[in-house]
Amino acid sequence: MTVNQYDKLHSTIPVKDFGRVAVLYGGKSAEREVSLKSGAAVIEALTSAGVDVVAIDVGDDLLQRLLDEKIDRAFIILHGRGGEDGSMQGLLECLGIPYTGSGILASALAMDKLRTKQVWQSLGIPTPRHAVLGSESDCISAGTELGFPLIVKPAHEGSSIGMAKVTSVDELIAAWKDAATYDSQVLVEQWIHGPEFTIATLRGQVLPPIALGTPHTFYDYDAKYLASDTQYRIPCGLSAEKEQELIDLTARACDAVGIAGWGRLDVMQDEQGRFWLLEVNTAPGMTDHSLVPMAARAAGLDFQQLVLAILAASVEARG
Ligand SMILES: Nc1ncnc2c1ncn2[C@@H]1O[C@H](COP(=O)(O)OP(=O)(O)OP(=O)(O)O)[C@@H](O)[C@H]1O
Ligand SMILES: [Mg+2]
């Protein structure tokens, strides 16, 4: 990854060279509603740029539709399992259809919060201490080892679904049971007190970090998609030196996972000013509330230029 060469982000590929582009959106994951909105925005932007677009709300007839529609390329804007987790990428690889974003391995890894953290830890990239919960006794020992407050997360969800902040063993057990209804693997992390940042990457470059503020306990589903009191700041308010540290950390963390094309990393900063990496998203939200479009605007790309840049990266990556 390189940083701060925003002029190189723009697509210079004539739109006809993209061919017939399937926008894959919707799907069956818990984040279907968000994906429908992201997909609608991407479809509208590509269509008005003159791209030959086929909109496919992904269902059981996907394979047949991909074959019938004579697709040249796919724009994946499915969030969560079944679309962002390597399985769709694998299907498209088998069919020989180039697609946007990360490949099979990085998509599968990034969808798994636990294994992403293990890769980062092995490289000395900071991520909050954590434990895996599979029983009430795991909850008791996690409380003792990590200390409260903690945050409970399903390992493979997004949009803050199934997550809760807890301050006691009883709350932890209840939150684990709830998270387990979403996912067979649940983890618990040390709560980081301090500001939150999200940093987008596009075509191998890191975009300006965004600082997030919410009056909610954390950046939950409501704060992400519904609330009008969520604050977004670019420039993010860090000193130039700290911002550069965050950008460098983002580049290292995304390279470690193998992020390609585009992505978005979520980071907390503790009271001592240290950064702690939470997770990376390989098909982040593209609604009008979304963060990657906001970061792209700060780097000089409007929404249409952003989707064309994401599409251009799929040409460079896989022909
Ligand atoms: N260790 C932590 N300490 C404090 N707050 C946290 C911690 N982990 C997560 N959060 C809060 O919960 C939110 C969601 O967490 P995370 O990004 O891990 O999950 P997600 O649901 O996959 O998100 P996305 O919608 O970005 O895919 C974060 O944006 C942050 O506000
Ligand atoms: Mg997140």
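D266 is buried, and E279 is buried as well. In this predicted model, these two residues are the protein donors of the magnesium ion (ligand 2), with D266 (OD) and E279 (OE) lying 2.0 Å from the ion. D266 belongs to strand β13 and E279 to strand β14, so the pair ties together parts that are 13 residues apart in sequence.

The two strands that carry the donors are also joined directly to one another. Strand β13 (residues 262–269) runs antiparallel to β14, and six bridges join them. Within this pairing, M268 stands opposite W276 in β14. The hairpin of β13 and β14 has five residues between the strands, and there G273 takes a positive phi near 90 degrees. Strand β14 (residues 275–281) is mostly covered, with seven of its seven residues buried.

The same hairpin leads on to the open space in the model. The largest pocket has a volume of about 750 Å³. Its lining comprises 45 residues, and S160, E196, Y219, K224 and D266 lie nearest the centre of the pocket; D266 is thus met again here, having already appeared as a magnesium donor. Several elements each supply at least two residues of the lining, namely α4 (104–111), β6 (150–154), β8 (186–190), β11, α8 (221–225), β13 and β14. Of these, β14 provides the largest share, with four residues.

Enclosed space can be considered next. A search of the whole structure finds one cavity of 30 Å³ or more, and the volume of the largest cavity is about 40 Å³. This largest cavity is lined by I76, Q89, T100, G101, S102, W262, T282 and A283. One of these lining residues, Q89, sits in helix α3 (residues 87–95), where M88, Q89, G90 and L92 are buried. The cover over the buried residues of α3 includes β2, α2 (62–68), β4 (73–76) and α4. After α3 comes G96, whose phi is positive, near 75 degrees.

Attention now turns to the nonpolar packing. The largest nonpolar core has 36 residues, of which L46, F75 and L202 touch the most other members. At least two residues of this core come from each of β2 (20–25), α1 (32–48), β9 (196–202), β11 (210–213), α10 (291–298) and α11 (303–318). Helix α11 gives the most, with seven residues. For F75, the contacts beyond neighbours within four places in sequence are V21, A22, V23, L24, V42, L46, T100, V307, I310 and L311. Another core, of 24 residues, lies apart from the largest one and has I125, A251, A253 and L277 among its members.

A final stop is the loop between α9 (240–257) and β13, which is the place of G258. With a relative accessibility of 37%, G258 counts as partly exposed. Not counting residues up to four places away in sequence, G258 touches S102 and A106; S102 is also one of the residues that line the largest cavity. The C-alpha atoms of G258 and L172 are separated by 33 Å, the two residues being 86 apart along the chain.

Key:
Residues numbered from 1 in each chain as written. Chains lettered and ligands numbered in written order. Predicted model: local features only at pLDDT ≥ 70, side-chain atom pairs only at ≥ 80, totals over all residues. Heavy atoms only, no water. Buried < 20%, exposed > 50% of the residue type's maximum accessible area, 1.4 Å probe, protein only. Pairing = 2+ DSSP bridges. Core = buried A, V, L, I, M, F, W, Y, C linked by side-chain atoms within 4.5 Å. Contact = heavy atoms within 4.5 Å. Donors = N, O, S within 2.8 Å, 3.2 Å for Na, K, Ca; no water. 1 Å grid on protein atoms, 1.4 Å probe; cavity = no way out; pocket = protein on both sides within 12 Å on 5 of 7 lines; lining within 4 Å. Points joined across faces, edges and corners; volume = space filled by probe spheres on them.
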